[in-house]
Amino acid sequence: AIERTFSIIKPDATRRNITGKVLTLIEDAGLRVIAQKRLHLTKEQAEGFYAVHKERPFFGELVSFMTSGPVVVQVLEGENAIAKYREVMGATNPANAAPGTIRKELAESIEANTVHGSDSPETAPQEIAYFFKDEEIVG
Ligand code: CMP
């Protein structure tokens with residue numbers, strides 16, 4: 001089925017000026033960008049977005065990294081988009097990511113791992129709604 005998923009191009013990618021390279025890998029996989037904006041997340045926005053991880057030992061580092069520079073938030077649409085984008089991203093730790101994936105080709109570390117994507121059909125609409133109004137999404 002045609003699905004929508006939520007994506008963040010993280011501060012390590014905006015810092016290195018490689019958002020276009022990330023986008024090429026997304027589009028080459030057949031996913032379409034149907035909403036996109038560049039933001040500098042506040043601490044409150046990052047903490048709220050990653051609330052599910054707040055008991056993890058890396059939570060503080062994660063929030064400080066995600067607020068360290070601009071991000072690009074996106075809605076991606078396509079056949080089986082949620083699982084497909086997870087494949088395109090590759091494993092969370094770039095050391096374990098398959099060749100050709102965004103994280104293998106472009107990421108710096110498990111923290112500076114270039115992209116985030118929704119992990120399930122439950123989280124995708126919640127994450128999209130956290131950043132986008134309906135009228136900002138043009139499918
Ligand atoms: P993301 O998909 O954005 O969801 C949570 C993020 O936490 C994850 O990508 C990683 O960037 C980060 N993360 C996960 N595990 C660790 C870890 N062990 N150390 C630092 N960051 C981590």
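1. The ligand's space is the largest pocket. Here a pocket is an open set of points on a 1 Å grid over the protein atoms alone, with protein on both sides within 12 Å along at least five of seven lines; a molecule sits in one if more than half of its atoms lie within 2 Å of its grid points.

2. Keep in mind that this is a predicted model, where local features need pLDDT of at least 70, side-chain atom pairs count only at pLDDT 80 or more, and totals for chains, interfaces and linings use all residues. Numbering runs from 1 along each chain as its sequence is written, and side-chain values use heavy atoms, with hydrogens and water left out.

3. Who surrounds the ligand? Lys10, Tyr50, His53, Phe58, Leu62, Thr92, Arg103, Ile110, Glu111, Asn113 and His116 do (a heavy atom within 4 Å of it).

4. Three of these side chains put a polar atom by a ligand oxygen: Tyr50 at 2.6 Å, His116 at 3.1 Å and Asn113 at 3.3 Å (polar contact: a pair of N or O atoms within 3.5 Å). Taken alone the ligand exposes 460 Å², and the protein buries 78% of that (Shrake-Rupley areas, 1.4 Å probe).

5. Now for Tyr85, in helix 5, residues 81-89 (a DSSP run of H or I, at least four residues, numbered from the N terminus). Tyr85 counts as buried because its relative accessibility is 0% (buried is under 20%, with a 1.4 Å probe and protein chains only).

6. Leaving aside residues up to four places away in sequence, Tyr85 touches several residues, including Phe6, Ile26, Leu31 and His116 (contact: heavy atoms within 4.5 Å). His116 is also one of the residues around the ligand.

Key. Helix = DSSP H or I, 4+ residues; strand = E, 2+ residues; numbered from the N terminus. Buried < 20%, exposed > 50% of the residue type's maximum accessible area, 1.4 Å probe, protein only. Polar contact = N/O pair within 3.5 Å; in protein donor to acceptor, adjacent residues only side chain to side chain. 1 Å grid on protein atoms, 1.4 Å probe; cavity = no way out; pocket = protein on both sides within 12 Å on 5 of 7 lines; lining within 4 Å.
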